[in-house]
Amino acid sequence: MREILLAFGRALRSLGRKGVFVHLVWPSLLAVVAWMTVAVLTWSTLVETVVAWIQGWAFVGEWIAASEIGATATLIVVEIALALAFLPLIYVTAALLVAVIALPMMLEQVARKDYGELELRRGGSNLGSAWNATVAGLLFLLGMVVSLPLWLIPGAGLVASVVLTAWLNQRAFGYDALMLHADREELRRLPRVQRTSMLLLGGACALLAYVPFVNLVAPAFCGLAFVHLMLEALRRERIERGVTVLDALSAPQVRE
């Protein structure tokens with residue numbers, strides 16, 4: 001827990017850095033505009049499709065057809081569930097924009113100031129980041145589709161969404177946070193070692209997606225927190241392994 005609180009605190013401090021704050025809002029705003037446009041254009045069709053699907057259920061469909069109250073209640077529940085379902089879609093779109101575009105830019109600024117003594121081993125790449133984010137996004141969407149029936153159960157859909165978003169955060173941002181500084185072996189191993197901390201941090205960030213106004217900066221802030229979590233873990237591990245920690249201003253960078 002201490003590691004997560006430390007990562008959040010350092011992420012808050014990083015917001016004041018030049019070149020960081022500008023990347024906080026634009027991914028979420030772009031995602032909101034895109035998905036709100038989709039919602040406006042397809043809302044009636046989506047509602048009718050889901051209601052028709054529910055009416056095909058045994059017993060439930062008969063109850064809806066025989067009761068005006070049941071039909072109205074079903075319509076309200078479906079509309080609320082669909083509205084809530086757009087929140088994780090907005091988040092995943094913003095998170096992918098952060099992972100592929102915004103976070104690599106913020107990483108350079110943050111790492112130079114706070115982790116300048118870490119050797120750059122460049123085990124990852126921008127292409128690897130894009131591939132990792134794409135796979136994570138597709139698996140997240142698959143999970144959302146599978147969990148759709150849970151949205152008809154009060155609270156269950158929200159829990160499923162938070163769990164899936166926590167997984168998305170640790171999968172997408174964990175790679176980007178390490179790609180410049182870790183070598184390939186560290187990039188494979190460290191996320192496994194830090195899996196519990198990453199999932200807890202990802203879950204805490206997922207909850208921010210449901211806080212009004214805060215959710216506009218939640219994906220980028222989450223990316224920043226992962227940068228601090230993973231680079232601090234990398235620094236500790238190298239010191240424990242006896243790897244030379246470079247002075248931030250020293251010229252040649254040597255490997256262990």
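# Briefing: an all-helical predicted chain

Leaving aside neighbours within four places in sequence, Leu201 touches Ile4, Phe8, Ala225, Phe226 and Leu229. The model that shows these contacts is predicted. The protein chain has nine helices and zero strands, and 47% of its 256 residues count as buried. The points below cover the fold, the nonpolar cores, one helix pair, the salt bridges and a few individual residues.

**Overall fold**

- Read along the sequence, the elements of the protein chain follow the pattern α-α-α-α-α-α-α-α-α.
- Of the contacts between residues at least 6 apart in sequence, 86% join residues at least 24 apart.

**Nonpolar cores**

- The largest nonpolar core contains 54 residues. Within this core, the residues with the most contacts are Tyr91, Phe173, Leu178, Leu201 and Leu231.
- Two or more residues of this core come from each of α1 (2-14), α4 (68-114), α5, α6, α7 (184-193), α8 (195-208) and α9 (218-240).
- Helix α9 provides the largest share of the core, with 13 residues.
- A second core of five residues is separate from the one above, and includes Val51, Ile54, Val78 and Leu82.
- As general background, nonpolar side chains in soluble globular proteins tend to be buried together.

**Packing of α5 against α6**

- Helix α5 spans residues 126-146 and helix α6 spans residues 156-178. Their axes lie 9 Å apart, and the two helices pack at an angle of about 175 degrees.
- Angles over 145 degrees count as roughly antiparallel, and α5 and α6 are therefore roughly antiparallel to each other.
- On the α5 side, the contact is made by Gly128, Ser129, Asn132, Val135, Ala136, Gly137, Leu139, Phe140, Gly143 and Met144. On the α6 side, the partners are Ser161, Leu164, Thr165, Trp167, Leu168, Arg171, Ala172, Tyr175 and Asp176.
- By class, this contact of α5 with α6 comprises 10 nonpolar, seven polar and two charged residues.

**Salt bridges**

- A search of the whole structure finds 11 salt bridges.
- One of the pairs is Glu3 with Arg236, whose closest N and O atoms are 3.0 Å apart. This pair links distant parts of the chain, since Glu3 belongs to helix α1 and Arg236 to helix α9, 233 residues apart.
- Glu3 has a relative accessible area of 26% and is therefore partly exposed. Arg236 is likewise partly exposed, because its relative accessible area is 29%.
- Arg189 and Glu237 also form a salt bridge, with their closest N and O atoms 2.4 Å apart. Here too distant parts of the chain are linked: Arg189 is in helix α7 and Glu237 is in helix α9, 48 residues apart.
- Both Arg189 and Glu237 are buried.
- Glu119, Arg121, Asp183, Glu186 and Arg238 are joined into one network by salt bridges that share partners.
- Within that network, the side chains of Arg121 and Glu119 meet in a salt bridge at 3.3 Å, N to O. Arg121 and Glu119 are both buried.

**Individual residues**

- Val22 is found in helix α2, which covers residues 22-55. Val22 counts as exposed because its relative accessibility is 55%, and the cut-off for that class is over 50%.
- Val22 and Met106 are 84 residues apart in sequence, while their C-alpha atoms are 9.5 Å apart in space.
- Ala34 is also placed in helix α2. With 39% relative accessibility, Ala34 counts as partly exposed.
- Ala34 and Ile90 are 56 residues apart in sequence and 8.3 Å apart in space, C-alpha to C-alpha.
- Arg122 lies in the loop between α4 and α5. The phi of Arg122 is near 50 degrees, a positive value in a residue other than glycine.
- For background on that angle, most residues other than glycine have a negative phi.

Methods: Residues are numbered from 1 along each chain as its sequence is written. This is a predicted model: local features need pLDDT of at least 70, side-chain atom pairs count only at pLDDT 80 or more; totals for chains, interfaces and linings use all residues. Side-chain values use heavy atoms; hydrogens and water are left out. Axes are lines fitted to C-alpha atoms, for helices over the stretch in contact, and angles run from 0 to 180 degrees between N-to-C directions. Helices (H or I, at least four residues) and strands (E, at least two) are DSSP runs, numbered from the N terminus. Angles under 35 degrees count as roughly parallel, over 145 as roughly antiparallel, 65 to 115 as roughly perpendicular and the rest as oblique. Contact means heavy atoms within 4.5 Å. Ala, Val, Leu, Ile, Met, Phe, Trp, Tyr, Cys and Pro count as nonpolar, Asp, Glu, Lys and Arg as charged, and the others, Gly among them, as polar. A nonpolar core is a set of buried Ala, Val, Leu, Ile, Met, Phe, Trp, Tyr and Cys residues joined through side-chain atoms within 4.5 Å. Buried means under 20% relative accessible area, exposed over 50%, partly exposed in between (1.4 Å probe, protein chains only). A salt bridge is a side-chain nitrogen of Lys or Arg within 4 Å of a carboxyl oxygen of Asp or Glu.
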